[in-house]
Every structure is written in C-alpha cells, then in structure tokens.
Amino acid sequence: MPSAAPQGAYSDGPNGRPPSAADEVGYRGPTACAAAGITYRQLDYWARTELVEPSIRPAHGSGTQRLYSFRDILVLKIVKRLLDTGVGLQNIRVAVAHLRGRGVADLAGMTLMSDGASVYECTSYDEVVDLVQGGQGVFGIAVGAVWREVEASLGTLQGERADTGEVLYRHHPGDELARRRRERAG
C-alpha cells in the first residue's frame, strides 16, 4: 500500500509495549459483527480466507468460539467501508496487511484514501491535499473516526477477558437479557 509518510513507531500499550493478555478484552463473533456492521457470514468468510482473522483466539474446529480484539474489529469495519466504496478485494488485502504492521496508536491518526483501485495511507493533512490535488484520492476513511465508532459500539456490547474468559457485561438500556444476567451474576 503506498504511503506518503514514513512508518511510525509501533506502540500499542503503556511504555510502547503491546497489551498483555491480562489487559485484553475479546469479543465473540456476534459482538464483532454488531460493532463492525457486518453479517456473520462475512465475518466467517473473512476469517476462513484469512482476510481478517481473530488475533486473540481463532476457531479450532466445530463449537469453538473465535475471539476478536478491538483492533480486529476496527480492521473489520475499515474492510466493510472499503468494500462498500468499491475497492477490490485484492487491494483490500494489501491494505489490511499494511494495517496489521502498524501500531494501534498509529492507526488513530491515519486517513486511508482511495481512487477505487489503490488504497493510500495519509498521516497528515498535507498528504491528503496532495492526493486530492493529484487526482488520485476519491474518498477517504479517517481511521480515528472509525475508531471512535467501534469504541462507542463496543461500550454497549458484551466482551470477555482474554486471560480468564470472564464475561464482561456493558450497560445497554435496551438489553433486557444482559440486565437479567447481571442480576443473576451479582
């Protein structure tokens, strides 16, 4: 994927280290679908074709549950946006591979631009302007805005701790089942 800026430092967690399993919250398939705005069929297909695989826990045979990280769901939502705008799957695979190589902190300040054929990374306003003026950029995805959307969605959905499997319930005013589970558990 072409980039107008040099690669940034990889920094996911405190002190520049990736988060540990104890810090990580995972999300099962239906929750990932709801947060990313995709169908379960899309999620399953993308996992089986290795477009976006769950980084916390892959499926191991029938009956096992995939567990997706926040970053995985962010990438799922970006893939959905790119597909919706007509970017080809081959170019999306290149973009996803590039996103995987970037730190989470780098993603928040990134804008993805596309002319429908290629996807470009822009990390500054000047790079966006250069692409648009050059006639290359047709649409853009501000990853920081997508980040906030995913964060807001996951704030109302169920997750689980990656290390213990403890189910974490979020408050969603219209979720009667979650309210009953909280009452039973507490």
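What covers the buried residues of H1? Among the elements doing that job are H2, H3 and H7, and the views below, all taken from a predicted model, show how these pieces fit with the rest.

**View 1. The whole protein, to get your bearings.** There are eight helices and six strands to keep track of here. Walk along the sequence and you meet them in the pattern β-α-α-α-α-α-β-β-α-β-α-β-β-α. The protein has 186 residues, and 36% of them count as buried. Take the contacts with a separation of 6 or more: 62% of them come from residues 24 or more positions apart.

**View 2. Helix H1, mostly under cover.** Of the eight residues in H1, six are buried. The buried ones are Gly29, Thr31, Ala32, Cys33, Ala35 and Ala36. Their cover includes H2, H3 and H7. Just past the end of H1 sits Gly37, which takes a positive phi of about 75 degrees.

**View 3. A three-stranded open sheet.** Follow the order E3-E2-E4 and you have the sheet, with antiparallel pairing. Strands E3 (119–122) and E4 (139–142) are at the edges with a single partner strand each, so one side of each has no neighbour in the sheet. From one strand to the next, the twist averages 25 degrees. E2 (residues 111–114) pairs with E4 over four bridges. Two residue pairs to look for: Leu112 has Ile141 of E4 as its bridge partner, and Met113 has Gly140 of E4.

**View 4. The two faces of strand E4.** In a regular strand, side chains alternate between the two faces of the sheet. E4 does just that: Phe139 and Ile141 point to one face and are buried, while Gly140 and Ala142 point to the other and are not.

**View 5. Helices lying across the sheet.** H3 (residues 70–84) lies across E2, E3 and E4, and runs at about 170 degrees to E4. H6 (residues 125–133) lies across E2 and E3, and its angle to E3 is about 145 degrees.

**View 6. Where H3 meets H7.** The axes of these two helices come within 10 Å and cross at roughly 120 degrees. H3 and H7 are therefore oblique to each other. Their crossing is right-handed. On the H3 side, the contact is made by Phe70, Ile73, Leu74, Lys77, Ile78 and Arg81. On the H7 side, look for Val143, Val146, Trp147, Glu149, Val150, Glu151 and Leu154.

**View 7. The nonpolar cores.** The largest nonpolar core holds 36 residues, and those touching the most other members are Ile73, Leu74, Leu76, Ile78, Val79, Leu82 and Leu112. At least two residues each come from H1 (29–36), H2 (40–48), H3, H4 (89–100), H5 (104–108), E4 and H7 (143–154). H3 gives the most, with seven residues. Apart from this core lies another, of five residues, and Met113, Tyr120, Cys122 and Leu131 are among them. You've met Met113 already: it is the residue whose bridge partner in E4 is Gly140. Leu112 is back too, this time as one of the residues touching the most other members of the largest core.

Key
Residues numbered from 1 in each chain as written. Predicted model: local features only at pLDDT ≥ 70, side-chain atom pairs only at ≥ 80, totals over all residues. Heavy atoms only, no water. Pairing = 2+ DSSP bridges. Axes fitted to C-alpha atoms, helices over the stretch in contact; angles between N-to-C directions. Contact = heavy atoms within 4.5 Å. Core = buried A, V, L, I, M, F, W, Y, C linked by side-chain atoms within 4.5 Å. Buried < 20%, exposed > 50% of the residue type's maximum accessible area, 1.4 Å probe, protein only. Parallel < 35°, antiparallel > 145°, perpendicular 65-115°, else oblique. Left-handed = near helix turned anticlockwise from the far one by under 90°.
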